[in-house]
Amino acid sequence: MTLRLYNTLTRRKEEFRPIDPMNVRMYVCGPTVYDYAHIGNARPVIVFDVLFRLLRHIYGESHVTYVRNITDVDDKINARARDEGISIRELTERTTAQFHEDIAALGVLPPTAEPRATGHIAEMIAIIEKLIAGGHAYAAGGHGLFDVTSAKDYGQLWRRSLDELVAGARVDVAPYKRGDMDFVLWKPSDENTPGWDSPWGRGRPGWHIECSAMSWKHLGETFDIHGGGIDLIFPHHENEVAQNLCAFGHNIMANVWMHNGFLQVEGQKMSKSLGNFVTIRELLQDWPGEVLRFNMLRTHYRQPIDWTVKSLAESQKTLKHWSTWALGFEMDAQVLMLRGAWPTPSRELLEALSDDLNTPQAIAEMHKLS
């Protein structure tokens with residue numbers, strides 16, 4: 001059975017061929033832990049959990065390394081900690097625990113590794129030093145900045161030329177920047193802001209360098225799959241690619257780039273101002289976690305999803321119907337276990353999942369089985 005995945009980099013579905021079948025490596029951008037995770041945050045967690053399970057089924061549980069990071073140094077975290085009058089550490093420990101509780105209710109497996117940004121400052125500094133030494137970055141005014149014009153393939157993931165990106169981007173104009181598109185690798189911290197010593201002064205990392213450092217530390221200079229939400233393609237993932245290629249001299253960072261589509265609520269973009277901003281924790285008060293997970297998977301991961309009460313009710317109805325069937329299956333499974341056998345997923349189900357995680361088709365196959 002052939003696994004085919006849609007690659008954002010090439011804009012087509014391709015046969016998945018791991019660099020090393022004995023160690024299939026995947027990195028997914030995780031949460032910035034300053035508040036409860038919203039339902040949009042749950043989509044990549046659930047989608048890439050399905051892929052993690054599928055890869056483990058194909059290559060073996062011990063042959064898949066899945067890294068999903070925790071961003072625990074960020075200006076939003078700093079601001080929230082100041083507002084609450086608590087330490088950064090206290091805030092991030094609390095919100096990380098909340099995140100773990102919420103996604104456990106969604107039935108996701110723990111990743112192989114869950115690195116925290118604050119534990120990889122040395123790796124971030126090392127990459128920045130490589131970039132400066134190679135002429136791809138520069139220090140100015142206590143900042144470390146990436147020189148976008150030095151990256152010859154910048155824009156390859158977003159499929160835009162540098163001129164197009166400059167014309168359409170909202171950029172931070174600063175006197176210490178050589179070019180408007182240059183982005184921050186390191187920035188200075190005052191005495192009231194978390195910071196670490198560096199060759200450019202006491203400061204803290206920019207967002208993009210964090211994921212570059214953590215993927216490098218745990219997966220190497222190149223790896224198989226990099227995933228996240230579609231909103232991360234630019235600038236976050238584009239800047240990750242630029243940093244890694246320029247620092248390590250390779251043509252690729254990850255062979256396959258996968259992105260899940262947007263989520264809206266009741267036909268509108270989720271927004272606190274519209275009153276439709278909903279967290280996983282709030283939904284779990286009214287719906288079982290398996291209903292939230294199933295409802296998410298009824299839509300193909302690359303398509304936009306409209307999160308509605310009606311769809312949740314439909315998902316719950318389906319699962320209640322299946323539960324009766326599953327009780328009988330469980331009894332049959334116990335007999336099979338006693339005989340030293342175990343039922344395996346149907347070929348049709350695996351074919352659906354192997355076709356770029358076609359979960360709607362997989363669910364259709366489940367309907368046939370039930």
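Is Asn244 buried or exposed?

## Asn244 and its surroundings

In this predicted model, Asn244 is buried, its relative accessible area being 2%. The residue belongs to helix α7, which covers residues 233–248. When residues up to four places away in sequence are set aside, the contacts of Asn244 are with Ser212, Ser215, Glu221, Gly249 and Met253.

## Cysteines

With a disulfide taken as a pair of cysteine sulfur atoms within 2.5 Å, the number of disulfides in the model is zero. Cys211 takes part in no disulfide, and the cysteine sulfur nearest to that of Cys211 belongs to Cys29, at 3.9 Å. Because its relative accessibility is 2%, Cys211 counts as buried.

Why does Cys246 form no bond with the closest cysteine sulfur? The closest cysteine sulfur to that of Cys246 is in Cys211, and the two are 17 Å apart, which is too far for a bond. Cys246 is also buried, with a relative accessible area of 17%.

## Salt bridges

Side chains of opposite charge can pair when their charged atoms come close. The model contains 20 salt bridges, and a few of them are described here together with the accessibility of their partners.

One of these pairs joins Glu14 to Arg12, with an N to O distance of 3.5 Å. Glu14 counts as buried at 19% relative accessibility, a value to be read against the limit of under 20% for buried residues, whereas Arg12 is partly exposed, with a relative accessible area of 48%.

A second pair consists of Arg116 and Glu93, whose closest N and O atoms are 3.2 Å apart. This pair links distant parts of the chain, since Arg116 sits in the loop between α3 (88–105) and α4 (121–133) while Glu93 is in helix α3, with their positions 23 residues apart in sequence. Both partners are partly exposed, Arg116 at 22% relative accessibility and Glu93 at 33%.

A third salt bridge brings together the side chains of Asp356 and Arg302, with an N to O distance of 2.8 Å. Asp356 is located in the loop between α11 (347–354) and α12 (359–369), and Arg302 in the loop between α9 (289–297) and β13 (305–307), so the salt bridge ties together parts of the chain that are 54 residues apart in sequence. Here Asp356 counts as buried, at 1% relative accessibility, while Arg302 counts as partly exposed, at 30%. Elsewhere, Asp49, Arg53 and Arg293 are joined into one network by salt bridges that share partners.

## Packing of α2 against α3

How are helices α2 and α3 oriented to each other? Helix α2, made up of residues 75–84, packs with α3 at an angle of about 105°, and the two axes are 9 Å apart. Since angles of 65 to 115 degrees count as roughly perpendicular, α2 and α3 are therefore roughly perpendicular to each other.

On the α2 side, the contact involves Ile77, Asn78, Arg80, Ala81 and Glu84, and these meet Ile88, Leu91, Thr92 and Arg94 on the α3 side. By residue class, the contact of α2 with α3 is made up of four nonpolar, two polar and three charged residues. Helix α3 is also the element that holds Glu93, the partner of Arg116 in the salt bridge described above.

Note on methods: Residues are numbered from 1 along each chain as its sequence is written. This is a predicted model: local features need pLDDT of at least 70, side-chain atom pairs count only at pLDDT 80 or more; totals for chains, interfaces and linings use all residues. Side-chain values use heavy atoms; hydrogens and water are left out. Buried means under 20% relative accessible area, exposed over 50%, partly exposed in between (1.4 Å probe, protein chains only). A salt bridge is a side-chain nitrogen of Lys or Arg within 4 Å of a carboxyl oxygen of Asp or Glu. Helices (H or I, at least four residues) and strands (E, at least two) are DSSP runs, numbered from the N terminus. Contact means heavy atoms within 4.5 Å. Axes are lines fitted to C-alpha atoms, for helices over the stretch in contact, and angles run from 0 to 180 degrees between N-to-C directions. Angles under 35 degrees count as roughly parallel, over 145 as roughly antiparallel, 65 to 115 as roughly perpendicular and the rest as oblique. Ala, Val, Leu, Ile, Met, Phe, Trp, Tyr, Cys and Pro count as nonpolar, Asp, Glu, Lys and Arg as charged, and the others, Gly among them, as polar.
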